[in-house]
Amino acid sequence: MRNGRPANIEMGADMLNRVAAELYWGRIFDPGLSARIADLATSFSDYERDRGANPVGEDFRISEHPGIFSLYRTQEDFIRETILETANTRPLTPQTPYIARYLPGPRGGLDMHADNSAWTLIWYLNGNFSGGELMFPTLGVSLKPRAGMAVMFPGGVLYPHASAPVAKGCKLAMVIMVDRK
Ligand SMILES: O=C(O)CCC(=O)C(=O)O
Ligand SMILES: [Fe+2]
């Protein structure tokens, strides 16, 4: 990347660490739980394609999948606390997450965009793919997803980001948009 940061930034477990500006990254979720959700998401067939204004090509709201939703619910309080501690403003409300899937091919990545959120928290469910880095070119940061890792950053034009195309395997990310109420 631009200022020579390593492509893989592996930070300490159990907390989000500041990487740059208000960009946070860390392994805060159990990799085993992440893998269970990834397995359920892999076998789920009802992904939507080309959902209008949503920049993600293939995704589904986890409310469509009772098994995934109940696993997410076991983490909901922790997610809420993490958001409040990290953002340090309240009240902030997480929306029902969606799971984005990226496969090799024409829609294997996600173009540069800014989120329409107060904050975005992304829970990476797996890491057994090549490509798929989350890139923040203006910050010179590129993050390689692994099971259980999470990134959190403000929505809006100061935090444009893109997902590099997946070359092999399948990338699964649970995206939690956080609104300011
Ligand atoms: O999947 C990723 O790594 C990024 C997803 C994203 O930026 C979005 O859904 O807005
Ligand atoms: Fe985004």
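The following dialogue introduces a predicted model of a protein chain with a bound iron ion.

Visitor: Where should a reader begin, and how many helices and strands does the protein chain have?

Guide: A count of the secondary structure is a suitable beginning. The protein chain contains three helices and 15 strands. As for its surface, the accessible area is about 8,500 Å², and carbon and sulfur atoms hold 51% of that area.

Visitor: What percentage of the residues in the protein chain is buried?

Guide: Of the 181 residues, 53% are buried. The contacts can be read by their separation in sequence. Among contacts in the protein chain with a separation of 6 or more, 76% are between residues 24 or more positions apart.

Visitor: How is a strand to be read, and which residues of strand β8 lie on each side?

Guide: The general idea is that in a regular strand the side chains alternate between the two faces of the sheet. In this model, W119, L121 and W123 of β8 lie on one side, while T120, I122 and Y124 lie on the other. Both faces are covered, and each of these residues is buried.

Visitor: Why is β8 described as largely enclosed by the rest of the structure?

Guide: Strand β8 covers residues 119-124, and six of its six residues are buried, so the strand is largely enclosed by the rest of the structure.

Visitor: Which strands are joined to β8 by bridges?

Guide: In general, strands of a sheet pair through backbone hydrogen bonds, either parallel or antiparallel. Here, five bridges link β8 to strand β12, residues 149-154, and the two run antiparallel. Within β12, P154 is the bridge partner of W119. Strand β15, residues 171-180, also runs antiparallel to β8, with six bridges between them. Its residue I176 is the bridge partner of L121.

Visitor: L121 has now appeared twice. Which residues are in contact with T82, apart from its neighbours within four places in sequence?

Guide: L121 is one of them; the others are L16 and I28. T82 itself belongs to helix α3, which spans residues 76-87.

Visitor: Is T82 buried or exposed?

Guide: The relative accessibility decides the matter, and residues under 20% are classed as buried. T82 has a value of 10%, and therefore counts as buried.

Visitor: In what order do the strands of the open sheet stand?

Guide: The order is β7-β13-β10-β11, four strands with antiparallel pairing. Strands β7 (110-113) and β11 (141-143) are at the edges, each pairing on one side only. Neighbouring strands of this sheet are turned against each other by 15° on average, direction ignored.

Visitor: How many bridges join β10 to β11?

Guide: There are three, and the two strands run antiparallel. Strand β10 consists of residues 134-136, and its L134 stands opposite L143 in β11.

Visitor: Which residues are the protein donors of the iron ion?

Guide: A metal site may be read by listing the donor atoms and then their places in the sequence. For the iron ion (ligand 2), the protein donors are H113 through NE2, D115 through OD and H161 through NE2. They lie 2.1 to 2.2 Å from the ion. Their spacing in sequence is H-x1-D-x45-H.

Visitor: Where does H113 lie, and is it buried or exposed?

Guide: H113 lies in strand β7, which is an edge strand of the open sheet. Its relative accessible area is 15%, so H113 is buried. D115 is buried as well. The side chains of these two donors also make a polar contact with each other, at 3.0 Å.

Note on methods. Residues numbered from 1 in each chain as written. Chains lettered and ligands numbered in written order. Predicted model: local features only at pLDDT ≥ 70, side-chain atom pairs only at ≥ 80, totals over all residues. Heavy atoms only, no water. Donors = N, O, S within 2.8 Å, 3.2 Å for Na, K, Ca; no water. Buried < 20%, exposed > 50% of the residue type's maximum accessible area, 1.4 Å probe, protein only. Pairing = 2+ DSSP bridges. Axes fitted to C-alpha atoms, helices over the stretch in contact; angles between N-to-C directions. Polar contact = N/O pair within 3.5 Å; in protein donor to acceptor, adjacent residues only side chain to side chain. Contact = heavy atoms within 4.5 Å. Areas by Shrake-Rupley, 256 points an atom, 1.4 Å probe, with all protein chains shown as cover.
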